[in-house]
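Biologist: I would like to learn how to read a protein model, one feature at a time. Could you take me through one?

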Amino acid sequence: MTTIKRLAATALTAALVSVPTVAVTSADAAPARAGKSWTTIAKWEGAKHQACKVSIRKGKAFVIYTRLVNGNKAEIGAALMVTKGSKTRSEWHSPLIAKGKTSKTGKVVFPRNAGYTLGAGQFQGQMGDGGPVKVTKIGRC
């Protein structure tokens, strides 16, 4: 059953992105110690997809840290993607997170140049939802 859930989640993510990807899946311990101020960017089935940003490259880009804080309704997963046109430039995917648990912190790099889009998705075993996120709505860490 777990294999089926993972396959369905992978298929959903592929459907949301449907372009070649470069994975950025590292869980960075430093931000967790720093005591981030999280902004909830999406809610789904009792889970909160959260993010915060840190300016890098002399203000020309952001590192956007993200995590999923799951409620007690279902196993939920999340994804965060940076795209330019039809190409994915940076992305993070959580596995399905158990009820009442929080995912490891992941990150993506978002250049402040024109043409880049930040997208977020949340998924369960066989369904999901997602869409664009305004970077200006994400608070600083």
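Modeller: We will go from the whole chain to its sheets, its core and its disulfide. Please keep in mind that this is a predicted model.

Biologist: Let me start with the overview. How many helices and strands does the protein chain have, and what pattern do they follow along the sequence?

Modeller: A good habit is to count the elements and then read their order. Here the protein chain has 2 helices and 8 strands. Along the sequence the pattern is α-α-β-β-β-β-β-β-β-β.

Biologist: What share of the residues counts as buried?

Modeller: A residue is called buried when its relative accessible area is under 20%. By that cut-off, 42% of the 141 residues of the protein chain are buried. The surface can be read as well: the protein chain exposes about 7,700 Å², with carbon and sulfur atoms supplying 52% of it. As for contacts in the protein chain with a separation of 6 or more, 64% are between residues 24 or more positions apart.

Biologist: Now the sheets. What is the strand order in the sheet that contains strand 1?

Modeller: For a sheet, look for the order of the strands, the direction of pairing and the edges. This open sheet has 4 strands in the order 1-2-3-6, and the pairing is antiparallel. Strand 1 and strand 6 are at the edges with a single partner strand each, so one side of each has no neighbour in the sheet. On average, neighbouring strands of this sheet are turned by 25° against each other, direction ignored.

Biologist: How many bridges join each pair of strands in this sheet?

Modeller: Let us follow the order across the sheet. Strand 1 and strand 2 are joined by 5 bridges, strand 2 and strand 3 pair over 9 bridges, and strand 3 is linked to strand 6 by 6 bridges. You can also pick out single partners. Trp44 has Ala47 in strand 2 as its bridge partner, while Ile56 is partnered by Ala61 in strand 3. Ala61 also stands opposite Pro111 in strand 6.

Biologist: Which residues take a positive phi in the hairpins of this sheet?

Modeller: In a hairpin, check how many residues sit between the strands, then look at the backbone angles. The hairpin of strand 1 and strand 2 has 2 residues between the strands, and Glu45 takes a positive phi near 50° there. Between strand 2 and strand 3 the hairpin has 4 residues, and in it Arg57 has a positive phi near 50°.

Biologist: Which strands make up the open sheet with strand 5 in it?

Modeller: Use the reading steps again. That open sheet has 4 strands in the order 5-4-7-8, with antiparallel pairing. Its edge strands are strand 5 (87–93) and strand 8, each pairing on one side only. The twist averages 20° from one strand to the next. Strand 7 and strand 8 run antiparallel and are joined by 6 bridges; Gly121 stands opposite Gly130 in strand 8.

Biologist: Let us look inside. Which residues touch the most other members of the largest nonpolar core?

Modeller: To read a core, ask who belongs to it and which elements supply the members. The largest nonpolar core has 22 residues, and those touching the most other members are Ile41, Ile64, Leu80, Val108, Phe110, Leu118 and Ile138. Strands 1, 2, 3, 4, 6 and 7 each give two or more residues to this core. As a single case, leaving out residues up to four places away in sequence, Ile41 touches residues including Leu80, Ala120, Val133 and Ile138.

Biologist: Finally, which cysteines does the disulfide join?

Modeller: For a disulfide, find both partners, then ask where each one sits. The structure holds 1 disulfide, joining Cys52 to Cys141 with an S to S distance of 2.0 Å. The link is right-handed, with 90° about the S-S bond. Cys52 lies in strand 2 and Cys141 in the segment after strand 8 (128–133), so the pair ties together parts that are 89 residues apart in sequence.

Biologist: Are these two cysteines buried or exposed?

Modeller: Cys52 is buried, with a relative accessible area of 0%, whereas Cys141 is partly exposed at 37%. For another view of Cys52, take Lys107 in strand 6. Lys107 and Cys52 are 55 residues apart in sequence and 9.5 Å apart in space, C-alpha to C-alpha. Lys107 is partly exposed, with a relative accessible area of 22%.

Key:
Residues are numbered from 1 along each chain as its sequence is written. This is a predicted model: local features need pLDDT of at least 70, side-chain atom pairs count only at pLDDT 80 or more; totals for chains, interfaces and linings use all residues. Side-chain values use heavy atoms; hydrogens and water are left out. A nonpolar core is a set of buried Ala, Val, Leu, Ile, Met, Phe, Trp, Tyr and Cys residues joined through side-chain atoms within 4.5 Å. Buried means under 20% relative accessible area, exposed over 50%, partly exposed in between (1.4 Å probe, protein chains only). Contact means heavy atoms within 4.5 Å. A disulfide is a pair of cysteine sulfur atoms within 2.5 Å. Two strands pair if DSSP finds at least two bridges between them. Axes are lines fitted to C-alpha atoms, for helices over the stretch in contact, and angles run from 0 to 180 degrees between N-to-C directions. Accessible areas come from the Shrake-Rupley method with a 1.4 Å probe; for residues, only the protein chains shown count as cover.
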